[in-house]
Amino acid sequence: MKLKKIFKLVLLVLVVGILISCGKKKEEKPLIMGLSPIANSEKMLEDAEPLYKMLGEQIGKDVNGYIASNYIGLVEALGTGTVDFALIPPFAYILANTKNGSEALLTSVGKNDEPGYYSVLVVRKDSGIEKVEDLKGKRIAFVDPSSTSGYIFPAVILKDHGIDIEKDITSQFAGGHDKALQLLVNGDVDAIGTYEGSVTKFAKEFPDVENQVKVLQKSDLIPGITLTVSSKLAPETKEKIKDAFLKVTATPEGQELTLKLFGIKGFQEADINSYKTIEDKLNKMGIDIEKIK
């Protein structure tokens with residue numbers, strides 16, 4: 001009889017334990033979204049919070065943000081699965097795809113409905129620099145060695161105008177589009193390579209900048225910012241992420257937010273053939289993707 005009571009007690013404890021564990025909601029690991037280091041990291045993560053929320057509601061799972069210190073860091077994070085998906089420039093996508101099989105899902109559409117964006121060389125209005133050839137012997141700030149608009153395309157512009165970036169200029173990497181612009185505003189460099197619209201984007205940080213600088217040269221159209229997913233993700237999760245971006249940017253609130261954050265109006269299916277433009281520029285610069293670390 002005593003054993004029977006003990007058995008019932010043990011059984012009761014087990015049942016209660018099962019009920020308690022079933023009542024607890026299992027915590028799911030959030031998806032991590034990577035952003036390119038185009039500006040102040042803390043502020044950008046904060047400004048993008050509403051986007052994570054919108055995407056999370058569509059995907060059915062929480063989304064948190066992540067910004068690496070440079071583009072290579074973001075490429076590596078996609079490779080290890082530390083970052084599940086990211087909005088990265090096309091050159092960074094080519095790196096991610098070549099090195100770890102990351103996949104392009106969507107390409108951004110700009111505010112003027114163009115399937116891409118432009119790189120520009122920007123100088124101070126009072127510099128006396130009127131044409132690209134005038135940059136010979138000058139100081140130029142690029143953004144990052146893996147930045148499409150902040151290095152690859154402006155470097156090709158210089159090359160096309162007879163300027164050897166190794167011999168004819170003094171160059172440096174600023175580490176961000178905002179940081180490059182700050183160098184120009186401060187007079188520490190004579191020109192910068194950045195994306196079209198960066199001056200407007202950072203006008204609040206640099207009052208009167210739009211009256212201080214001008215675009216010297218504009219590049220060919222660059223394929224849009226690429227929604228890239230880690231090869232570690234399950235196919236159904238990739239599809240949910242893709243659908244979420246399309247749905248969010250189809251709403252007025254979502255479109256307003258992505259325009260404010262990235263100058264992106266919406267997305268379209270990624271056309272892998274469009275990335276040949278980038279590969280042609282890389283060949284022109286003599287850059288071997290396999291050797292980039």
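Which residues of helix 6 are buried? Keep that in mind as you open the structure, which is a predicted model.

**Stop 1: confidence**

Colour the chain by pLDDT to begin. The average is 87, and 88% of the residues score at least 70. Among the elements of the chain, strand 7 (residues 139-142) has the highest mean, 98, while helix 1 (residues 2-23) has the lowest, 48. Now select residues 9-13: pLDDT is below 50 there, and the stretch makes zero contacts in the model beyond near neighbours in sequence. Residues 18-26 tell a similar story, with pLDDT below 50 and zero contacts beyond near neighbours in sequence. Where pLDDT is low, the predicted coordinates should not be read in detail.

**Stop 2: helix 6**

Next, select residues 148-160, which make up helix 6. Here is the reply to the opening question: the buried residues are Thr148, Ser149, Gly150, Tyr151, Ile152, Phe153, Pro154, Ala155, Val156, Ile157 and Leu158. That makes 11 of 13, so the helix is mostly covered. Show side chains at the start of the helix, and you will find an oxygen from the side chain of serine 147 within 2.8 Å of the backbone nitrogen of glycine 150. After the helix comes glycine 162, with a positive phi near 80 degrees.

**Stop 3: the nonpolar core**

Stay with helix 6 and bring up the largest nonpolar core, a group of 90 residues. The members that touch the most others are Met33, Leu55, Phe85, Leu135, Leu158, Ile241 and Phe245. Helix 6 gives the most to this core, contributing seven residues. In soluble globular proteins, nonpolar side chains tend to be buried together. Centre on leucine 135 for a view from within: beyond its neighbours within four places in sequence, its contacts include Leu121, Val123, Ile140, Leu158, Ile163 and Leu216.

**Stop 4: the open sheet**

Now display the strands. Six of them form an open sheet with mixed pairing, in the order 2-1-3-12-4-13. Strand 2 (63-67) and strand 13 (264-269) are at the edges; each has a single partner strand, so one side of each lacks a neighbour in the sheet. From one strand to the next, the twist averages 25 degrees.

Zoom in on strand 4 (residues 103-110) and strand 12 (residues 226-229), an antiparallel pair joined by four bridges. Glutamate 103 faces valine 229 of strand 12. Then add helix 10 (residues 235-248), which lies across strands 1, 3, 4, 12 and 13 and runs at about 5 degrees to strand 4.

**Stop 5: two buried residues**

Select threonine 194, in strand 9 (residues 191-195). Its relative accessibility is 1%, so threonine 194 counts as buried. What joins its side chain to that of histidine 177? A polar contact of 2.8 Å does. Beyond neighbours within four places in sequence, threonine 194 also contacts residues including Tyr118, Val120, Ser149 and Gly150.

Finish at tyrosine 117, which belongs to strand 5 (residues 116-117). This residue counts as buried because its relative accessibility is 15%, and the cut-off is under 20%. Draw a distance between the C-alpha atoms of tyrosine 117 and glycine 224: they are 107 residues apart along the chain, yet separated by 6.0 Å. Leaving aside neighbours within four places in sequence, the contacts of tyrosine 117 include Pro89, Pro90, Tyr195 and Gly224, along with Thr148 and Ser149. Those last two, Thr148 and Ser149, are among the buried residues of helix 6.

Definitions and conventions. Residues are numbered from 1 along each chain as its sequence is written. Side-chain values use heavy atoms; hydrogens and water are left out. Two strands pair if DSSP finds at least two bridges between them. Axes are lines fitted to C-alpha atoms, for helices over the stretch in contact, and angles run from 0 to 180 degrees between N-to-C directions. Contact means heavy atoms within 4.5 Å. Buried means under 20% relative accessible area, exposed over 50%, partly exposed in between (1.4 Å probe, protein chains only). A polar contact is a pair of N or O atoms within 3.5 Å; within protein, one must be able to donate a hydrogen and the other to accept it, and residues adjacent in sequence count only if both atoms are side-chain atoms. A nonpolar core is a set of buried Ala, Val, Leu, Ile, Met, Phe, Trp, Tyr and Cys residues joined through side-chain atoms within 4.5 Å. pLDDT is the predictor's confidence in each residue, from 0 to 100.
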